[in-house]
Amino acid sequence: MSNNIIPQQTWPAEFAQRYREKGYWQGETFGQWLHDRAQQHPDREAIVGGEQRWSYHQLNQYANELAAGLLQHGLEKGQRVLVHLPNIPEFISVIFALFRIGLIPVYVLPAHRIAEAEHFANDAQAVAYIGVDQHAGFNYLPLARELQKRCPHVEKIYIVGQSEEFTALHSVQAKGQGKAVPINAAQASDVAFLQISGGSTGLSKLIPRTHDDYIYTLRESAKIAGLDARSVYLGALPIAHNFPMSSPGFLGTLYVGGKVVLSTVPSPEQCFTLIEREGVTDTSLVPPLLLLWLEAASHNKAQLHSLKVIQVGGAKLAAEVAKRVRPVLGVTLQQVFGMAEGLINYTRLDDSDDLIVHTQGRPISPDDEILIVDDQGRAVPEGEPGYLLTRGPYTIRAYHNNPSANARSFTNDGFYRTGDIVRRTAEGYLVVQGRANDHINRAGEKISAEEIEDHLLAHPQVFDAAVVSIPDEFLGERSCAFIIPKAEKPRPVEIKRWIRERGLADFKVPDQVVFVDQFVETAALKISRKELRAQLRAQLQNNSEH
Ligand code: OOB
């Protein structure tokens, strides 16, 4: 693929026309709306993070000056740029700078390491990388060096902080030249960025999202979450994730003119202090963090008095935990069941406690089409569990540049196979029951069993490996690697170190390693990986019950 091929996202013309006619797609771009907000209320606070506090005017100006600088460096519309930043204000000025000039950010999570960065850089044919010197005890400069070695097409590296041999991001900012940048280099139907998939099978895939479709979801999400100009949103989860980005997240908050407060870590200690100091009204958490917050709040609720709504999603929230949210935290719980590919479901703020506690909500749009089907693809009777398929005005029709994944993940008529097993209640709310594919949902981070198995098989002492999820009281699920060793058995720590040294994110390191002589007792040689993983999971469960 050449650098000049711009990722496409194509809904069939009749769907695109319908989505426009119904007012879902309004022809707005990210560049345009930030410009508009900066005109409407220049002095209002937009972002607070670390020692920095930016008004809307400042955010817009920094984005413009950065855009002007990047153009001077020779970057061009349509090129892809890896954005590998933690929750700092520069994350937001950088992405708006890129949006404005039609450069396409590819979001790499702060927890991702060289293996993931290399994969995304190649998949997107990225020409630049924007990172940070260090964060959470990790030094990203060696990663940037290695990335450039492995992917020479990543010609430019920009660093926030001590940049050493690389270009310091602040030096790119063309001070006083922001006005020269066009507000609208991009069209609303263009791909605005590439989000990364949870990686249900194999490696993560790239998800092309347009200005039109993404602005629709964040605009509606902000309404459903009750955000307005007085709202103060705390970004506690890594904001590169789709959930804190747009459901309604920091983008939904900025869209309605609210204030975004960024926390570099999601711990109750740091977040509670920020909530009290900044008057935070809304935030979003994954279930394990909610548990920590509930625990901390049981002896320290006073700091939270401004908080109104906590959204919880990314993984299934147990009803018993959901029930404790209002009494312990004094806020309204909003369950969010969504996916970076598109479809987002919310419980509504005025729903009954029963719906809020026991369901994962209903879709944003009247045009979110939901199918719940059996193994043969036939609709299941109302209320029965089945595989969830969906299409609609903000659900992608294809991954970027990935024909084999597209053939697997989309039906001929454009429905996305979510891989989730759900049932629908009489009120039209979805309840997540499980999933069809073999990823591990570890505290909301999705781990592909296949990806980890491939790395394990590369170990010289591993004959075969199968990775499965096991229920975990705190994380929801954790990962267990079953390994058939060759003659010499490695130690579990060596296996864990191996995964780390392969340059994978820490959350992908198996939590548990179990050595076995063989996988199946019978001579069933033709067993699929999926069946094998199911058997191993059952074996683990049996062992823990006896
Ligand atoms: C969010 O996005 P992804 O792309 O990291 O993961 C999507 C998958 C879903 O297919 C489902 O398996 C699981 O995460 N999931 C949930 C859930 N929310 C997501 N499973 C059970 N209950 C929930 N509430 O995770 C994401 C994106 C936008 C908003 C919220 C979450």
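Let me begin with a single contact, in which K205 lies over the face of Y399, at 5.2 Å from the ring centre. Elsewhere there is another arrangement of this kind, where the charged end of R37 sits over the ring of Y255, 4.6 Å from its centre. I should say at once that what we are looking at is a predicted model, and that the values I quote are computed from it.

Y255 leads us on to the aromatic residues, since it belongs to one aromatic cluster together with F30, W33, F91, F96, F99, Y107, F193, Y214 and F250. Across the whole structure, a search finds 23 aromatic pairs. How are the rings of F15 and Y19 placed towards one another? Their centres are 6.2 Å apart and their planes stand at 55°, and because an angle between 30 and 60 degrees is neither stacked nor edge-to-face, this pair is described as tilted. Both residues lie in helix 1, which covers residues 13-21, and they are four residues apart, about one turn of the helix. In general, an α-helix has 3.6 residues a turn, so residues three or four places apart point the same way. F15 has 9% relative accessibility and counts as buried, while Y19, at 0%, counts as buried too. Y19 also forms a tilted pair with Y24, with 6.3 Å from centre to centre and 40° between the planes, and Y24 is likewise buried.

Let me turn now to helix 5, residues 114-124. Eight of its 11 residues are buried, so this helix is largely enclosed by the rest of the structure. Among those buried residues are I114, F120 and the charged pair of names E116 and D123. What do the buried residues of helix 5 pack against? They pack against strand 3 (80-83), strand 4 (104-107), helix 6 (141-150), strand 10 (191-196) and strand 11 (206-210). The helix is followed by Q125, whose phi is positive, near 50°.

Finally, we come to the ligand, which has 18 residues around it, and of these G314, V336, A340, D420 and K446 come nearest. A backbone N or O atom of A340 lies 3.0 Å from an oxygen atom of the ligand, whereas a polar backbone atom of K316 is 3.4 Å from a ligand nitrogen atom, and for A315 a backbone N or O atom lies 3.5 Å from a nitrogen atom of the ligand. On its own the ligand has 600 Å² of accessible area, and the protein covers 92% of that. Helix 9 (242-246) and strand 16 (332-339) are the elements that give two or more residues to the surrounding shell, and the largest share, four residues, comes from strand 16.

Terms used:
Residues numbered from 1 in each chain as written. Predicted model: local features only at pLDDT ≥ 70, side-chain atom pairs only at ≥ 80, totals over all residues. Heavy atoms only, no water. Phe/Tyr/Trp six-rings, centres within 6.5 Å; stacked < 30°, edge-to-face > 60°. Buried < 20%, exposed > 50% of the residue type's maximum accessible area, 1.4 Å probe, protein only. Lys NZ or Arg CZ within 6 Å of the ring centre and 35° of its normal. Contact = heavy atoms within 4.5 Å. Near = heavy atom within 4 Å. Polar contact = N/O pair within 3.5 Å; in protein donor to acceptor, adjacent residues only side chain to side chain. Areas by Shrake-Rupley, 256 points an atom, 1.4 Å probe, with all protein chains shown as cover.
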